[in-house]
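Q: Could you go through this model with me, setting each value against the definition behind it?

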Amino acid sequence: MSESLDLTLKVWRQASHDAQGAFRTYQLSGISIDMSFLEMLDVLNEHLINRGEEPVAFDHDCREGICGTCGVVINGQPHGPDTKTTTCQLHMRRFKNGDTIVIEPWRASSFPVVKDLVVDRSAFDRIMQAGGYVSVNTGNAPDANAVLVPGRDQEKAMDAAACIGCGACVAACKNASAMLFVSAKVSQLAILPQGKPERAERVLKMVARMDEENFGSCTNTYECEAACPAAISVTNIARLNREYFKAMLVSDPV
Amino acid sequence: MSTVSTTTLNSRVPSGPMDQRWENRKQELKLVNPANKRKYNIIIVGTGLAGASAASSLAELGYNVKSFCLQDSPRRAHSIAAQGGINAAKNYPNDGDSVWRLFYDTVKGGDFRARESNVYRLAYLSNLIIDQCAAQGVPFAREYGGTLANRSFGGAQVSRTFYARGQTGQQLLLGAYSSMMRQVEAGRVKLFPRKEMMDLVVVDGVARGIVTRDLVTGKYESFAADAVLLCTGGYGNVYYLSTNAKNCNVTAAWRCYKRGAYFANPCFTQIHPTCIPTSGHYQSKLTLMSESLRNDGRVWVPKQQNDPRSPDQIPHEERDYFLERRYPAFGNLVPRDVASRAAKERCDAGFGVGTTKMAVYLDFQDAIGRLGEETVRARYGNLFDMYQKITDDNPYKVPMRIYPAVHYTMGGLWVDYHLQSTVPGLFVLGEANFSDHGANRLGASALMQGLADGYFIIPYTVGDHLASTSPGKITTEHPAFAATMADAVGRAEQIMAVNGSRSVDSIHRELGSLMWENVGMSRTAEGLTATIDQIRRLRHEFWKNVKVMGSGEEFNQNLEHAGRLADFLEFAELLTNDALNRNESCGGHFRAEYQAENEALRDDENYCYAAAWEFNGVDQAPQLHKEPLTFEEVHLTTRSYK
Ligand SMILES: Cc1cc2nc3c(=O)[nH]c(=O)nc-3n(C[C@H](O)[C@H](O)[C@H](O)COP(=O)(O)OP(=O)(O)OC[C@H]3O[C@@H](n4cnc5c(N)ncnc54)[C@H](O)[C@@H]3O)c2cc1C
Ligand code: FES
């Protein structure tokens, strides 16, 4: 039998977007240290249902750290204490018997709360639609090896492309800036030859949309990088800034 | 348990030489005039590889697309989780691959239960997919010189798998999603995230639209269209524990089945050999360790039963590398069904490892010795990290413990060569259809199929359907929409009204363990017959005793889960019936009565057909329609990996 934990949970409960939210306290005992954090919440919800109370709403899907659906603030840290780890991949062995765990949704005006721990991140999709792509229609592609991509560039592009779009970067930033998210996509496509033709236009459009969505500005505190489960580096933000200024110099206003 | 129909299904397979069938068919298909395309509305349910690729391609052609998904963003569809890679017959490594060989491997891998013409087309289109994705900026792995890299996967003796680290599905999906988002900006795709399709609207036998529930407000709505594309993925979660994302479900497909679409080969389910074993009763899902690991990892158990020693204390000669021993030609790279059953056989015989003894080792010591830790890290680093996060063991130092888990479903709604179901106007793409993998899917072929369906097949075949109907013929004013909506609303109210004492999750877990024990890796007529009764009992229990909190007019995940479980409880019976009907062992379907010398025994005389089931009412026996399968190019032989 593995060890187990007794815990006090303080969970943000908010019935809907317009409702007033508040923390509720729950006691949970006998939590196995091998459980994932979300499995611990599953156990809490089973208890609540059996007691006739509404379960806590939280977003999740793959539970493998790749879909970017999950994400809550755990004791003040987006996705909790482990680095490079999503909430679903966090395991209870990171906690101690008797711990109090405070669980809240992402806090950012661009990510309104839907219910309890669930927020609306559709602003990210709207930024992507502004320019996060290569304009190539189905059926127009040359042979995949016709355009060579040096291994080093491909690796750098892949590092940026690994973003899972969870929004932890926004939640971690005191200004609720989306720069890390936007810079990851801009970088991936600026590095790869396939993305080069639209490079200038892309960065201008994506940044403009990001501003329209009311994300805050970046003041280089790098909390985003520390919170990112996909290890997206802030060097991407530097690259975005370079791309942006270059684009401003050369392009017509959009 | 079923009645058999004598009518044959028209699969619309072209005649002529195999390698020209698709090109010939394309010549025959009717086209929609470019100026008219914008008058047609197409509903696409699902935004995985199949749905997103179809949405972008159809919108680029000028059609009006409405795209629905369960997640808050289309980018989070379950395809995102695919790790290992995508096959194509490029033959870049110059190791003897070809379209024909990919076709051959897929037909054989599927244990001769797939439709040859479809499989050939899939292999034929595979190369275009890689070109398309590379052009979108998908960062596929490359060699130093800049050309694309390949690796090998189970069931093949060539290296034809393209990959992006261990995140191939993510990168392919983000490519398709980006293309779709470009069309959203252009106004040709309208997104409806967090809207669940609850039913299909059929008017005079033709699919005309869907009814949805908004997952945030609980509001029901209906949408009319000239064609409906179902791209809703697989039904692996009928087993509760699987490698599928938690939201994967059978609901959309099941609703279509109940409206007249036939369901084919539901018993063809794939159990993946390399997953992290269960750790406790709270387990909510299982995590796959990509098959690519079998390239360098060696699978073994101790030669001694119940060996108490830790793996590093067991010398080489006291280890049983049972895949290499039993299948010297393919070794650790045998297909999934073969590898899974071999692992189960060893564990059942008392050779399993770990605390539960239901696990085998996947060992990288030799690979690390041969290639160095750095190379192994570069190939599999993210998988090793994931393993360590979950188990707290370091796979660079101790072998991984793995065990098979439900992973993929080959069965699905029956479709013809055009991907159209038995309900005209309803097309089914990706994992949701039954078409290409027969009784077993080879690794890295699902991504290929989803994208072939969406990018390169449906734009042609849906056009042919639309060209013969005038746009906007039926609107949501038609009474069928109100009636279908009333059904959907009524069902949810009925679930809420039960107000019993058992949680949705507890009933789903019970269904899952029933299915895993009796309709999993090894099945018997006796066990299947008993299971059908148990499923019915559990279904009854659900409708008498389920407890759903909250209301239907709000964001309510408990109600969503209950609705999906209600469908699984009906569907499970069909799956079990199908397994009982098929008195043979083939691919992922292993009937213990049909084996010889420990290997599966197929019965081509009696079962060389796709079983397509027609709904006759809940608690009524469904009707079986057989689509005979003929093999012109790849001759029916016993599958051997020895
Ligand atoms: C862990 C894992 C790893 C894998 N690795 C590989 C691999 O390496 N190579 C490979 O080839 N294959 C792999 N597969 C298989 C492959 O990922 C899937 O078969 C494939 O991605 C399915 O794609 P799809 O588009 O058919 O469906 P999905 O990606 O499952 O998408 C389904 C979509 O339908 C939507 N949906 C479902 N029901 C409804 C409803 N009622 N209303 C509205 N929307 C609905 C969902 O929201 C989602 O958008 C893997 C699978 C798993 C589980
Ligand atoms: S649930 Fe998918 S990343 Fe956590």
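Q: What makes β7, β8 and β9 of chain B a sheet, and is that sheet open or closed?
A: In this predicted model, the three strands form an open sheet in the order β7-β8-β9 (chain B), with antiparallel pairing. Strands here are DSSP runs of E of at least two residues, helices are runs of H or I of at least four residues, and both are numbered from the N terminus; two strands pair if DSSP finds at least two bridges between them. Strand β8 (residues 206-214) of chain B is joined to β9(B) by five bridges, and five meets the requirement of at least two, so the two count as paired. Within this antiparallel pair, T212(B) stands opposite E221(B) in β9(B).

Q: Why are β7 and β9 of chain B said to stand at the edges?
A: Each of β7 and β9 (220-224) of chain B has a single partner strand, so one side of each is left without a neighbour in the sheet. From one strand to the next the twist averages 25 degrees, where axes are lines fitted to C-alpha atoms (for helices over the stretch in contact) and angles run from 0 to 180 degrees between N-to-C directions.

Q: How do you know that the pairing in the sheet β1-β24-β23-β11-β17 (chain B) is mixed?
A: This open sheet of five strands is described as mixed, and its pairs show both senses: β1(B) and strand β24 (residues 623-628) of chain B pair in the parallel sense over two bridges, whereas strand β23 (residues 609-614) of chain B runs antiparallel to β24(B), with six bridges. In the parallel pair, V4(B) has L624(B) as its bridge partner, while Y609(B) stands opposite P628(B) in β24(B). Strand β11 (residues 263-264) of chain B is joined to β17(B) by two antiparallel bridges, and F263(B) stands opposite L413(B) there. The edge strands, β1 (3-4) and β17 (412-413) of chain B, each pair on one side only.

Q: What makes the contact of Q71(B) with ligand 1 a polar one?
A: A polar contact is a pair of N or O atoms within 3.5 Å (within protein, one must be able to donate a hydrogen and the other to accept it, and residues adjacent in sequence count only if both atoms are side-chain atoms). An N or O atom in the side chain of Q71(B) is 2.5 Å from an oxygen atom of ligand 1, so the pair falls within that limit. A backbone N or O atom of M197(B) lies 2.7 Å from a nitrogen atom of the ligand, and a polar backbone atom of A446(B) is 2.9 Å from one of its oxygen atoms.

Q: Which residues surround ligand 1 most closely, and where does the ligand lie?
A: A residue is near a molecule or strand if one of its heavy atoms lies within 4 Å of it. Ligand 1 lies between chains A and B and is surrounded by 38 residues, the closest being Q71(B), S79(B), M197(B), E431(B) and L447(B). Among the elements of chain B, β7(B) gives the most to this shell, with three residues.

Q: How confident is the predictor in chain B?
A: Chain B averages a pLDDT of 96, and 99% of the residues score at least 70, where pLDDT is the predictor's confidence in each residue, from 0 to 100. The model scores ipTM 0.98 and pTM 0.97.

Q: What conventions lie behind the numbering and the values?
A: Residues are numbered from 1 along each chain as its sequence is written, while chains are lettered from A and ligands numbered from 1 in the order in which they are written. Local features need pLDDT of at least 70, side-chain atom pairs count only at pLDDT 80 or more, and totals for chains, interfaces and linings use all residues, while side-chain values use heavy atoms, with hydrogens and water left out.
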